[in-house]
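Please review the model shown below with attention to where its coordinates can be relied upon. A briefing by topic follows.

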Amino acid sequence: MKHASPPHDSSITHVTGESEYVDDRTMLAGELFVGCFYLKVAHAEIDAIDTSAALKIPGVAAIVTAKDVAHNAWGPIFQDQPIIADKVTEFAGEVLAVVGATTPEALRRGLAAIKIRHRTRPAILTIGEAITRKSFIGGERFIRRGDVDKALNDAPHRMSGKLVIKGADHFYLENQSAVAYPKEAGQMEVHSSTQHPTETQHVVAEALGVNFSDVVCIVKRLGGGFGGKESQSSPIAAYAALVANKTKRAARIVLTKDDDMIMTGKRNPFEIHYEVGFDKKGNILALRSRLYSDGGAYADLSTAIMERAMLHSDNAYFIANVEVIGQVCKTNCHPHTAFRGFGGPKGVAVIEGIIEDIARELKLDALDIRKSNVYREGHDVTHYGQVVENNRLPSLFNELEKTSDYRRRRSDISLFNHNVLTATNRFSPGAETLRGLSMTAVKFGISFTTKFLNQGNALVQVHRDGSIQVSTGAVEMGQGVNTRIAMLVAEEFGVSLDTIRVMTTSTEKNANTSPTAASTGTDINGAAAVLAAQKIKQRLSALALKLAIISPENWPSKTAGLGSFPEIEIDTLDDSPGLTDFSGNKIVIPRRKLSNVSSNNTATGQLKNAERFSISFPQLVNEAYLSRISLGEYGHHRTENLGFNKLTGQGQAFQYFSQGAALSEVEVNRHSGEIKVRRVDILMDVGRPINESLDIGQVSGAFVQGMGWVTTENLVYDNEGYLLSHSPSTYKIPSVQDTPREFNITLDHNPGNKANIRGTKAVGEPPLLLAISVWSAVKDAIRYVSERDADHLAFNRTHLLPIPATAEQTLRHLDPHLFTAPVIK
Amino acid sequence: MIAKTRDTVIFSLNGQVTKVGGDDAFMTLAEWLRKRALLTGTKIVCAEGDCGACTVVRGFEPRNSKKKPVFAAMNSCITAVAQMDGSHLVTVEGLKADGELAPAQEAMRACHGSQCGYCTPGFVMAITGALEVLPNLDRKTAANYLTGNLCRCTGYSPILDAAQSVVRSPKHSLAARYLSPTIVKQLRDLTNIPLEVRGSLLGSSHLGSKTNTTAENNRPVFYAPTTLLEACKAAAKNKNARLVAAATDVGVQVNKGKALAPFIISLQHLAELYTVLSKGTSLLVGARVNLTQLRSAVAKSIPEFAKFLDIFASPQIKNVATLVGNLANASPIGDTLPFLLATNAVVHTARYAQGKINRRKISIQDFFIAYKKLALASGEIITAVEIPTGKPFRNLRLYKVSQRKDLDISAVSAALNIDVSTSGKISAASLAFGGVAATPIRLGKVERYLIGKAPSHELFDAARAMIDSQLMPLSDARGSDIYRRVLIANIFQRYVHTTLGTPAGASSLGPCRLTDELINSDASSGPANTQKAFTSRIATGGPS
């Protein structure tokens, strides 16, 4: 299906292979290949690193260790992580030395020749061990409302459980990479595949011991980020810069997929212990939820991720009495980090899973339970005290129920499963698969929960031919942020989209920027670009009003070179944009407005007879230049009305909520546990979309990425905390064959979002959470077995289907008696 | 070695005859394209042939072939430049014609098939390869041609839309543009003598360069003879030579830093190994027959195997990888091996001794000795595999269970064939499994137990318990040992049910319950070192 909205601004160069990524930059003479040395043990004390033999390998130009790092500490929240570890290695894959060499082969030999003496130390590899040993990062956080103890005690039904959610690898196609070019006077230019050029700039500067102003970080585009390049790309860039600084040669680091997966952190694994009280209709009366996450060896973004998990523990449902407690655990795993959805998916999985289980216990339809608990009028305040404005949730459920034909399909599936489960035996023809169906929702809070990050800046430059360059702090990583910003600016100036070029992101144009993360890329950077455009527009309007009453032969283009007519002075305080109309690459002033102008003006002329005044955009721009009027502007945007107090767990955490609902139908193989997603229907609220095609692309991409997380993507570590599934031969992201057989995505018609620029809503992360419906549909399929088998029910009551529901885990929950080992390790 | 050899690799790249010698011949094709030819549209992501970002298309016909080459997609990241000798290659940079996007490019653009763009050239090339053989693609065909390409952004549906909307354009036909009789002949003439290319000790970072010695005789050599005699002589002379067919697994191992023999003998120019011969009751599959060709060769005679080949590996791998390569690699999880075991395939070999080629046949049952160890003498080359076809295998069924349905190495695989004669007794039984021991195994003891007995619930129950007692599965990234046991038990029962029907007198086959005793005794049995080797092989993975 071809879509009408403009394609991605790189759509042509992407298909021709011309789009440039870091490693596509032509190598300079003498440029070095950079690689990392690490141990495959989780925790060890380092007695000595001997690089002498490695330095003798022909082609090895430099080896950098901790002593070469000026300020050897970094971290996006707490500076607790060494850039290069020194006396202790805290996880398998932590960098201990960095080698620069003239060829890949010399690099490989150099790395192999590094000798190290170390003593292994006891390691903490699981959340359980961390809890026992009280190995934590940061303090306990909480969000509370109502009287949970009393509500639980009074509840007609109670249920408790422990949900295990494993991590997931980002598996961006472009591995972590950076090239560093040493410049004069100790300056460094770094091209990095990073979602956070500013932090990369800062980490590199600190590693080198120079001012932030001595480092420029440039990002053309990313071959995928998904959160994995929000923080963890910074030390990678520092490795290249340290080698470049030491050798005064360009230095390039491009991790292999294996190194990338081993060294960098993942989505945080979580363990959630909960207790829930509900009535006979399935109304949830109280929820107590204790969330533990595996932060890995260092803090990274884990505390903020935990906050988002806690803030999303309600998802779409009003719960009067809530206590959510969160604690990040410190383990000897790679430091876990941002991944599309941040903590949100974990909080949401808990409550959506609870609803499936309530449905099983009460023998009710899970959708009915969802609908009776959904945020609605009178029940629209979250557990952290924010009102759910522009609440689309009840209508999303109702509409999707209709358009997806939920009720009919539910009865079809019940009949299908009945036939399967009453077949002669499970190997009878037609009895091979069971089906499951589940509709879940998402209410995703948009804004960084850390208030100061909610700012953006932009530089807009209009050139004399009327073409426009826009630079912001936003990083293009496939999501189409450049296209959306270009569309916003084009609309503002009333010019065609092809006049706008969104430029390479660079810290010398846009400093102090926030990461392109939290789905806010377009919101904050687009708003800043529009502000800058408006300032230029104001001046152009003022000029147009003057030109309108000057005879064209006296315009600057005819007179400025000669100085034969007085230079036009404009009053920038004029409310001129109100009088002019920028559209169709023209600026038009209707006659009635012209008369307003002329009364305030001393000049006279032919305008009394004119119907209207019109000038092309490039022409006006040229007259402005000749009149010495600035055609460049800087805009700074700050998101208003935010105020969440992390210590009390109360306040306005988000600017608005992006919402959606999804219905997933799955087929589960009873002999192997393999899952097939037969059909998915999504109804997604993105406010007033800027570019529907890009939005739909975000929905389908995020959903399938989420599907991988809840089904086939399985991180397996050895007893030393070393990742075994570190390449696509062992770590299985969805393939083209896994995409839902039928995949219907509809955007909700919602013009009512007043909170954001143009009434649009962010779409990057929220649809990922809808993939939880695939997992809950598997739970639904399993429930059909529990309905007729008390032992099966007892097992599934005490053993929750984990995430990911791999084929093995699914088979264990379908047929627990086939397995004798513990289900959850 | 005969006197006359060539020391430069010659191939056509986007229509230009290109010569590469020395260390560069040992680079992977993807690295060479990016760093030497400065064609950076081809991307490297996994360097193990699992993601397809490095996809290019290649047209190749062996020496003496009268056929015009046909373009097909392949992975450039696990192929050495030297292996491309005599090939016609097209990269994403070679697609535009007269400044106009090629159909696959235009469709991907128009359907929003690209987000971050990193996988895009690979998808474009895979679709382009498909269009060289098919006029258009329906959803299923499109998905099959794109199984070897991973995308992390789009969720694939816009890419499937693009592949289905694509329409051939005569102007962009790669065959028309890049396979003119002139260039085909030119390349054949240029590559008609054996290739022998040497790298320097430190310069090459790829095939054959993994020794740390400085001795001159350890300079890497890539030798591609043009006759079997030359190949056998070279193999006899160089005891440590590594023989390669498509080298899709060797390529992965090189990329992952594994040490390899410095002397490579490639079978790529041995025209006689590119044939499939039908011998009435068997098929003789030459060592250089790739899996795509094999699939069409067995489509009629062994449809079950053809079907199995569809879920095995990616099109890019199947367009180059061979059945014999899978066999020679001898991985316990090699997908075709249970099939070969179950059908009593015969391995044909050749070896140079006493001044001539000595040929012999080895039964597949005697072929796997230990983990990755084969019953081959030094210098012995596998020339073909003979697969029996026909009636005795009418009940053959092949199974594969993996984490992900497609392009995933199996947790377990199985090839089962049980036949019942008109007298109502079991007349034939072949039970072969992969992923459950250090080698692919055939369970002769269970087969003998079954043969001659009438099918019954009790019989198959007992057989199932016997099967389980002979397995030695391990826990690894693809599944736990217990899961593997459950899968085998389920596969066996499913086979019995779907192929033989419910045995007479059996009211029902109840759920299989493995006893604790069985699991505990067997999971820990077997030589420890074998198990370790097996685990590490599975952990590092890679296509076979």
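In chain B, pLDDT (the predictor's confidence in each residue, from 0 to 100) stays under 50 over residues 504-544. For this stretch the model has 82 contacts beyond four places in sequence, two residues being in contact if their C-beta atoms, placed from the backbone, lie within 7 Å. This is a predicted model, in which local features need pLDDT of at least 70, side-chain atom pairs count only at pLDDT 80 or more, and totals for chains, interfaces and linings use all residues. Residues are numbered from 1 along each chain as its sequence is written, while chains are lettered from A and ligands numbered from 1 in the order in which they are written.

**Confidence**
- Residues 205-214 of chain B also have pLDDT under 50, with 36 contacts beyond four places in sequence.
- Where pLDDT is low, the predicted coordinates should not be read in detail.
- Chain B has a mean pLDDT of 87, and 88% of its residues reach 70 or more.
- The model scores are ipTM 0.96 and pTM 0.94.

**Contact between the chains**
- Chain A and chain B contribute 81 residues each to the contact.
- On the side of chain B that touches chain A, α17(B) gives the most, with nine residues; helices are DSSP runs (H or I, at least four residues), numbered from the N terminus.

**A sheet in chain A**
- Four strands (DSSP runs of E, at least two residues) form an open sheet of mixed pairing in the order β16-β27-β28-β29; two strands pair if DSSP finds at least two bridges between them.
- Strands β28 (residues 675-685) and β29 of chain A run parallel and are joined by six bridges.
- Within β29(A), A:T746 is the bridge partner of A:L683.
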